[in-house]
Amino acid sequence: MGDVVPEPAKAATGVPSRRRVLGVGAAIGAVAWIAPQIISVDAAGAATQPPLQNVVAVGNGGAIVSSPDAVVWTLRSSGVVANLEDVAWSALRNLFVAVGAGGTIITSPDGVIWTTRASGTLRTLRAVAWVPFFGGLFVAVGALCTVLTSTDGTTWTDRSTAGTADLLGVNGASASFVVAVGTAGAYVMSGDGVTFTNGTAITGVDLQAVRFDPALAQYLAVGNGGEAWTSLDAATWTAATTSTVDDLTAIASTAADGFVTTEDAPDGVGSWDGATWTEQAAATGHLFSVTYAATPIDRFVAVGLLGIIATSAHGIFWAPQTSPTSANLRGVAAAV
C-alpha cells in the first residue's frame with residue numbers, strides 16, 4: 001500500500017461527531033522553631049507514586065513499554081518472562097491487566113510497577129477486556145475455551161466452557177453481551193458475565209478479534225484471510241467484504257471514526273464505517289493490536305512485529321514512533 005504518510009496535525013475542532021505555608025513558630029533562644037507540617041498518608045503516597053502512563057503495550061518475553069503521550073515510550077520491567085498476549089485498562093479500578101502464556105496475569109495501577117497474580121490455570125491466555133457492565137469485571141480468554149473473570153484483577157474465577165477451541169479475542173463494550181471468538185470461528189457468549197456458553201461457529205476460519213461499536217450499533221468480528229462478520233444482536237452474523245486477504249488481528253473504534261482493524265501483513269490497517277472497508281498504509285511490518293487513546297492524546301495506537309509502534313489521528317494517515325524494544329508487541333491499551 002505504499003510508504004507511510006506523515007501524520008498531519010489534528011484540527012482543533014476535530015471531526016464532526018457521528019458517531020469523550022508552614023507556620024512560623026516562636027523563637028526560643030537563638031533557635032527558630034517551625035510548627036510541624038501534617039502530611040496525609042494519601043498525600044505521602046502520591047508523592048512517590050509514578051505518574052500514570054496513558055498507553056501500555058505488551059509483548060514477547062514479558063516486554064512492556066509505556067507512554068504518557070503515545071510518542072515517547074519507555075521500556076518497563078514486567079517481572080515475568082512469559083510472552084504477554086494482551087492488556088486491558090479499567091478506569092473504574094484504575095488498573096491495567098496483562099495476560100499471556102502459561103496462565104500469566106500481571107497488573108499495574110500506573111503502567112510502570114507490575115504485580116504477578118494467580119490465575120489458577122496454566123493455559124495460555126490470549127485476550128483480556130474490561131467489561132463496564134454486570135457490576136464491572138475483567139474477562140480473560142484463551143486456550144481450550146478458557147474463560148476467567150475478575151472484579152478487581154487480583155482474584156480470578158474460572159468460567160470456562162466445555163470446548164476445544166482457542167479463544168483469541170473478547171469484547172467488553174456492549175451492555176448486553178460479552179462475546180469471545182476464536183479458532184475455526186468459535187463463538188462463546190455471556191449475558192451476565194457469569195455463565196458463558198458455546199454458540200454455533202460463525203465461520204470456518206480463525207477469528208482473532210471482536211468488538212461492539214455503540215455509534216454503529218453493531219458488532220464486528222475479524223480474522224484470518226481478511227474475513228469480517230457483523231451482527232446487530234451478537235446472535236446472527238453477516239459476512240462483510242473487506243477487499244483484503246491479510247489476516248485481521250485486532251479492532252479499535254471511536255464515535256467519529258468507526259472501526260479500525262490491524263493487519264498481520266507488512267502494509268497496515270483497514271477502516272470500516274459499517275458499509276465500506278478501506279485499507280490504509282500504517283507501518284513497515286506486521287501489526288498485531290490497536291487501541292484508541294482518547295483526550296488528551298486523541299490517537300489510534302497500533303503495535304506489532306519487532307516493536308513497531310504507529311499512531312494516527314483518524315486511522316487514515318499513520319506516523320511511526322520510536323520504540324524502545326525489538327520484541328514483538330502483541331497487545332496495547334489506553335488509560336485515557
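This tour proceeds through a predicted model, from the whole chain to selected strands and residues.

**The whole chain**

Begin with the complete chain displayed by secondary structure: one helix and 30 strands are present. Colouring by accessibility is a useful second view, since buried residues account for 52% of the 336 residues. The accessible surface amounts to about 14,300 Å², and carbon and sulfur atoms contribute 58% of that area.

**Strand S11 and its two partners**

Next, select residues 137-142, which form strand S11. Six of the six residues in S11 are buried, so the strand is largely enclosed by the rest of the structure. Display the side chains to see the two directions in which they point. Leu137, Val139 and Val141 point one way, Phe138, Ala140 and Gly142 point the other way, and all are buried.

Add residues 125-131, strand S10, to the selection. S10 pairs with S11 in the antiparallel sense, over six bridges. Within this pairing, Val128 has Ala140 of S11 as its bridge partner. Follow the backbone from S10 into S11: this hairpin has five residues between its strands, and Phe134 adopts a positive phi near 55°.

Now extend the selection to residues 146-150, strand S12. Here S11 is joined to S12 by five bridges, again in an antiparallel arrangement. Val141 is found opposite Val147 in S12. The hairpin of S11 and S12 has three residues between the strands, and Leu144 in the turn has a positive phi of about 55°.

**The salt bridge to S10**

Keep S10 in view and select Glu85 and Arg126. How many salt bridges does a search of the whole structure find? The search finds one, formed by Glu85 with Arg126, whose closest N and O atoms are 3.5 Å apart. Glu85 belongs to strand S6 (residues 84-90) and Arg126 to strand S10, so the pair ties together parts that are 41 residues apart in sequence.

Are the two partners buried or exposed? Glu85 has a relative accessibility of 17% and counts as buried, because the cut-off for that class is under 20%. Arg126, with a relative accessible area of 31%, is partly exposed.

**The four-stranded sheet**

Move on to strands S18 to S21. These make an open sheet of four strands in the order S18-S19-S20-S21, and the pairing is antiparallel. Strand S18 (207-213) and strand S21 (238-240) occupy the edges; each has a single partner strand, so one side of each is left without a neighbour in the sheet. From one strand to the next, the twist averages 25°.

For a detail of this sheet, select S18 together with strand S19, residues 218-223. The two run antiparallel and are joined by six bridges. Phe212 can be located opposite Tyr219 in S19.

**Thr242, beyond S21**

Finally, continue along the chain from S21 to Thr242, which lies in the loop between S21 and strand S22 (248-254). Thr242 is buried, with a relative accessible area of 4%. Which backbone atom does its side chain reach? The side chain of Thr242 comes to 2.6 Å from the backbone oxygen of Gly226. To complete the view, display the surroundings of this residue: leaving aside residues up to four places away in sequence, Thr242 touches Gly226, Ala228, Leu248 and Trp277.

How values were computed: Residues numbered from 1 in each chain as written. Predicted model: local features only at pLDDT ≥ 70, side-chain atom pairs only at ≥ 80, totals over all residues. Heavy atoms only, no water. Pairing = 2+ DSSP bridges. Axes fitted to C-alpha atoms, helices over the stretch in contact; angles between N-to-C directions. Buried < 20%, exposed > 50% of the residue type's maximum accessible area, 1.4 Å probe, protein only. Polar contact = N/O pair within 3.5 Å; in protein donor to acceptor, adjacent residues only side chain to side chain. Contact = heavy atoms within 4.5 Å. Salt bridge = Lys/Arg side-chain N within 4 Å of Asp/Glu carboxyl O. Areas by Shrake-Rupley, 256 points an atom, 1.4 Å probe, with all protein chains shown as cover.
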